[in-house]
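Me: I have a structure open and want to get my bearings. Can we walk through it together?

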Amino acid sequence: MDTGWTHTTVLLHEAVAALLGPAGPAADSTVPVAPRTFVDATFGRGGHTRLLLSRLGPLDRVIAFDKDPQAVQAAATLQDARFAIRHSDFGALGELPPQSVAGILMDLGVSSPQIDDPSRGFSFRFDGPLDMRMDTTRGQSVAQWLAQAETGQIAEVIRDYGEERFAGAIAKAVVARRQARGPLATTAELAQLVADTVKTREPGQNPATRTFQALRIFINAELEALQTALKASLSVLQPRGSLAVISFHSLEDRIVKQFMATHARTVYDRRAPFAAPAPVLLEGLQRIRPSQAEVAGNPRARSAILRVAQRTEVPA
Ligand SMILES: C[S@@+](CC[C@H](N)C(=O)[O-])C[C@H]1O[C@@H](n2cnc3c(N)ncnc32)[C@H](O)[C@@H]1O
């Protein structure tokens, strides 16, 4: 099913250039290179994949992941023998053979078709069922979770993943409403409850912004999946292979930044001062932001940060 909603790809050229790496062959290069495999861990609507395929040779290939069945369906329109899609969490990229991948891209978070479709329940801008699952074939919706979670759990999620000062008050209001009138069922009900509870509004921001972000991150286990995939990337990347990650908020970016920084320096184990240090596994760290022109044309790019690193020659 094509929903008709589109996604404007963020940092398109920058991310594809990063994937091909500093030593990547030019599109018109006549120098023969061994066939390469790239991973687009977040296919979405395939913006990055399509440009990447246009830059690759006839024997190269792209393996894409997406946990959203609608994204996987959209991928069926991409008829290219060099392309394959997996309906899977990208945490599974560690199942690829060791040192088999020339570049991995993760363009984190949700796609515009997910946000813009009221039936997915991601947005407080539209009324719809309070779902927010990227993978609608499994797991609990936000409504199901909020219907039975304890006040302390709800507060912790909203505080930790939304950095929301009023997390405790919102959690209490959710549980009080559940007891008085039954569980929250729609995005509009949750947005109204938060608006009634949060007294101080950040300028230009809907009071429910932080709560929706927090519940989305939690219900999709987004930060855990990111940690798993980053770790897996170290074993599946070939020496000099590129890791490129686009994040959209500070919780994600902090994880990516710390991961790359940790593996780009020599780490000594203080408890074993005479042991050899862990090898440096990443190098060539870069941080790339969208141009003003891109942000002007696509406000969603505003908070994007692309971080890039290359796998060192040191064997895993
Ligand atoms: C920002 S969009 C990617 C857009 C894509 N680069 C494009 O140009 O069309 C993020 C996509 O990643 C998917 N996604 C997010 N987390 C995921 C995970 N842990 N595993 C697999 N897919 C994930 C979402 O379902 C969404 O389709």
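Me: How many helices and strands does the chain have?
Reply: The chain has 12 helices and 7 strands. Keep in mind that this is a predicted model.

Me: And how compact is the chain?
Reply: As compact as a globular protein of that length. The radius of gyration is 21 Å, and the globule rule gives 20 Å for 316 residues, so the two are close.

Me: What does the C-alpha trace span along its principal axes?
Reply: The trace spans about 70 × 55 × 35 Å.

Me: What share of the residues is buried?
Reply: Of the 316 residues, 50% count as buried.

Me: What about the surface? How much of it belongs to carbon and sulfur?
Reply: The accessible surface comes to about 15,300 Å². Carbon and sulfur atoms account for 54% of that.

Me: Charges next. How many positive and negative ones are there, and how far apart are their mean positions?
Reply: There are 35 positive and 32 negative charges. Their mean positions are 4 Å apart.

Me: Back to the fold. What share of the contacts joins residues at least 24 apart?
Reply: The share is 69%, counted among contacts between residues at least 6 apart in sequence.

Me: Let's look at strands. In which sense do β1 and β2 pair?
Reply: Strand β1, residues 37-40, pairs with β2 in the parallel sense. The pairing runs over 4 bridges.

Me: Which residues face each other there?
Reply: Thr37 has Arg61 in β2 as its bridge partner. Further along, Asp40 stands opposite Ala64 in β2.

Me: Which way do the residues of β1 point?
Reply: Thr37 and Val39 point one way. Phe38 and Asp40 point the other way. All of them are buried.

Me: Why is β2 called largely enclosed?
Reply: Strand β2 covers residues 61-66, and 5 of its 6 residues are buried, so the rest of the structure largely encloses it.

Me: Now a helix. Which residues of α2 are buried?
Reply: In α2, residues 47-55, the buried ones are His48, Thr49, Leu51, Leu52 and Leu53.

Me: What do they pack against?
Reply: The buried residues of α2 pack against helix α1 and five strands named β1, β2, β3, β4 and β5.

Me: What does Thr9 touch?
Reply: Thr9 touches Gly47, His48 and Glu294, leaving out residues up to four places away in sequence. Thr9 lies in the segment before α1.

Me: Thr9: buried or exposed?
Reply: Buried. Its relative accessible area is 17%, and the cut-off for buried is under 20%.

Me: Switching to Ala71. Where is it?
Reply: Ala71 is in helix α3, residues 69-75. It counts as buried, at 1% relative accessibility.

Me: Which residues are in contact with Ala71?
Reply: Phe43, Gly44, Arg45 and Asp66, with neighbours within four places in sequence left aside.

Me: And how far is Ala71 from Ala276?
Reply: They are 45 Å apart in space, C-alpha to C-alpha. In sequence they are 205 residues apart.

Me: Where does Gly121 sit?
Reply: Gly121 is in the loop between α4 and α5. Gly121 is buried, with a relative accessible area of 2%.

Me: A buried loop residue, then. What is Gly121 in contact with?
Reply: Its contacts are Pro129, Asp131, Met132 and Thr187, leaving aside neighbours within four places in sequence.

Me: What about Ser235? Where does it lie?
Reply: Ser235 lies in helix α10. At 32% relative accessibility, Ser235 counts as partly exposed.

Me: Which residues does Ser235 touch?
Reply: Pro98 and Gln99, not counting residues up to four places away in sequence. Ser235 and Gln99 are 136 residues apart in sequence, but their C-alpha atoms are 6.0 Å apart in space.

Me: Last topic, backbone angles. What is phi of Ala221?
Reply: Phi of Ala221 is near 45°, a positive value in a residue other than glycine. Ala221 lies in the loop between α9 and α10. It counts as partly exposed, at 32% relative accessibility.

Me: And what is phi of Arg240?
Reply: Near 75°, which is also positive in a residue other than glycine. Arg240 lies in strand β5.

Conventions
Residues are numbered from 1 along each chain as its sequence is written. This is a predicted model: local features need pLDDT of at least 70, side-chain atom pairs count only at pLDDT 80 or more; totals for chains, interfaces and linings use all residues. Side-chain values use heavy atoms; hydrogens and water are left out. Helices (H or I, at least four residues) and strands (E, at least two) are DSSP runs, numbered from the N terminus. The radius of gyration is taken over C-alpha atoms; the globule rule is 2.2 Å times the number of residues to the power 0.38. Buried means under 20% relative accessible area, exposed over 50%, partly exposed in between (1.4 Å probe, protein chains only). Contact means heavy atoms within 4.5 Å. Accessible areas come from the Shrake-Rupley method with a 1.4 Å probe; for residues, only the protein chains shown count as cover. Lys and Arg count as positive and Asp and Glu as negative; His and the chain ends are not counted. The place of a charge is taken as NZ of Lys, CZ of Arg, CG of Asp or CD of Glu. Two strands pair if DSSP finds at least two bridges between them.
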